[in-house]
Amino acid sequence: MPGSELIGQEERKEINDVLESGILFRYNHEDLRNNHWKAREFEEELKKFTKAPYALMCSSGTTAVAICMAACGVGLDDEVIVPPFTYIATIEGVFLGGAKPVFADIDETLCLSPTAIEKAITPKTKAVMLVHMCGAMAKLDEIIAICQKHNLILIEDTAQALGASYKGKMLGTFGKMGSYSLDFFKIITAGEGGAVVTNDEQMYLNADMFHDHGHDHIGNNRGAEKHPVLGTNYRASELHAAIAVAQIRKIDHILQQQRKHKKKIKERLAKFSQITFRHLPDPEGDSATFLSFFLPDEATARKTTKALAEAKIGGIQYWYDNNFHYIRNWEHLRGMKSLFKIPAMEQAPQDYATIQFPASDAIMQRLISMVIRITWTDEEVEALCQKLETVFKGVFE
Ligand SMILES: *Cc1c(COP(=O)(O)O)cnc(C)c1O
């Protein structure tokens, strides 16, 4: 799966550029930095890769979500429609932005269902936080149409799907803003880090100010810069940016390997009529970081998960039981256990403690994902396919 499999001399070279000058800060110090601007360089690479006109690197995928919220003016008293199947960070980003999450069901894309979004809209809904889960896309055409019809801001949490596309256009570039994560488990990594992209110059300027204490970054004297708005510190360091630069140059290779391996495994599993695959609105655009499939029912999915573990097949996720990715086990959220008072505690739009998601449960109970590794050899993929065939024959006999 992630770029962490490919950390090597390219990353070391970029880091050394930074260490040799000692300038770990992304701004200023023009005379000392040997002309190395790694955060800027990463942003240029990201723009080239995503074809987004504007990009900003930041400290994490979580802060990237919060930056999108702030830049788009989503905050107190605003409701944001979110999926119950995501990494909890999406929800944290909404809280950090001061807004209230409203959960709506997913469908077999593993992303928000267009009809569920429409049902969750209230007069307070300001934005839809669409998560392109497990490496691939939601039903974008329908969701964009709903956002237009109801005048909602679309933000794409693309933390898990950098490099995936829909009808040839990169995920993250459909909404008003898109966010990415560069944490250790993502498609490319900087150790920690994130980024936002947008087509809208004002959103970029807002993000740029907000993520650095409101600085307008005009001129080259930091102390003399103006602070048109309040902000915070969600900056990336040059060390993280250096790794990110090396990693984004590997992304075409990463996607190519993932797609090649996934195609082979999927073809071999397709002959089991009991297995169905995650719905991909545009299969060509899948980043192929996971192979996600459904078993006929929960019992068979649990039996399969157990059999895969016994066969020592790695990278298997039975998300329904997962502590961090599905609302069922988010006890801290369900109990609103916050260290301080957050807006969502007052007049919460949903009773997070008791709300149920039978439609999402029905999908999650049958779902298994398998991580696709980049560094597998063809022989390893073949051996894995054989092991999988043995496991499934056993499960279905
Ligand atoms: C990983 C992830 C994030 C947060 O990224 P961090 O860089 O770990 O803060 C946000 N949303 C989703 C969907 C993620 O998978």
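1. Contact, as used in this note, means heavy atoms within 4.5 Å. The structure is a predicted model. With that in mind, Glu10, Glu11, Glu14, Ile15, Val18 and Leu19 of helix 1 meet Glu238, Leu239, Ala242, Ile243, Val245, Ala246 and Gln247 of helix 8. Sorted by class, the residues where helix 1 touches helix 8 comprise 8 nonpolar, 1 polar and 4 charged.

2. The geometry of this pair is as follows. Helix 1 covers residues 9-21 and helix 8 covers residues 238-248. Their axes are 8 Å apart, and the two helices pack at an angle of about 150 degrees. Helix 1 and helix 8 cross in a right-handed sense.

3. Helix 3 (residues 61-71) packs with helix 7 (residues 201-210), the axes coming within 9 Å and crossing at roughly 120 degrees. Angles from 65 to 115 degrees count as roughly perpendicular and those over 145 as roughly antiparallel, and the crossing is at roughly 120 degrees, so helix 3 is oblique to helix 7. The crossing of helix 3 with helix 7 is right-handed.

4. On the helix 3 side of that contact are Ala66, Ile67, Ala70 and Ala71, and on the helix 7 side are Met203, Asn206, Ala207 and Phe210. The contact of helix 3 with helix 7 has 7 nonpolar residues and 1 polar residue, with no charged residues.

5. A third helix pair is formed by helix 10 (residues 298-310) and helix 13, with axes 10 Å apart and a packing angle of about 140 degrees. Helix 10 and helix 13 are therefore oblique to each other. Their crossing is right-handed. Helix 10 contributes Thr300, Lys303, Thr304, Ala307 and Leu308, while helix 13 contributes Leu388, Val391, Phe392, Gly394, Val395 and Phe396. By class, the contact of helix 10 with helix 13 has 7 nonpolar, 3 polar and 1 charged.

6. Aromatic rings are the next topic. Rings of Phe, Tyr and Trp pair if their centres lie within 6.5 Å, and the count comes to 17 aromatic pairs. In one pair, the ring centres of tyrosine 54 and tyrosine 204 are 5.5 Å apart and the planes are at 20 degrees, so the pair is stacked. Tyrosine 54 is in strand 1 (residues 54-58) and tyrosine 204 is in helix 7, so this pair links distant parts of the chain, 150 residues apart. Tyrosine 54 is partly exposed, its relative accessible area being 23%.

7. Phenylalanine 392 and phenylalanine 396 also form a stacked pair, because their ring centres are 5.8 Å apart and their planes are at 20 degrees. Both residues belong to helix 13 (residues 378-396), where they are 4 residues apart and so separated by about one helical turn. Phenylalanine 392 and phenylalanine 396 are buried. These two residues also take part in the contact of helix 13 with helix 10.

8. Elsewhere, ring pairs join Phe103, Trp330, Tyr352 and Phe357 into a cluster.

9. The last point concerns leucine 255, in helix 9 (residues 251-269). Is leucine 255 buried or exposed? Leucine 255 is buried, because its relative accessible area is 4%, where buried means under 20%. Not counting residues up to four places away in sequence, leucine 255 touches Phe49, Leu162, Gly163 and Ser287. From leucine 255 to aspartate 77 the C-alpha to C-alpha distance is 40 Å, and the two are 178 residues apart in sequence.

Terms used:
Residues numbered from 1 in each chain as written. Predicted model: local features only at pLDDT ≥ 70, side-chain atom pairs only at ≥ 80, totals over all residues. Heavy atoms only, no water. Axes fitted to C-alpha atoms, helices over the stretch in contact; angles between N-to-C directions. Parallel < 35°, antiparallel > 145°, perpendicular 65-115°, else oblique. Left-handed = near helix turned anticlockwise from the far one by under 90°. Nonpolar A, V, L, I, M, F, W, Y, C, P; charged D, E, K, R; others polar. Phe/Tyr/Trp six-rings, centres within 6.5 Å; stacked < 30°, edge-to-face > 60°. Buried < 20%, exposed > 50% of the residue type's maximum accessible area, 1.4 Å probe, protein only.
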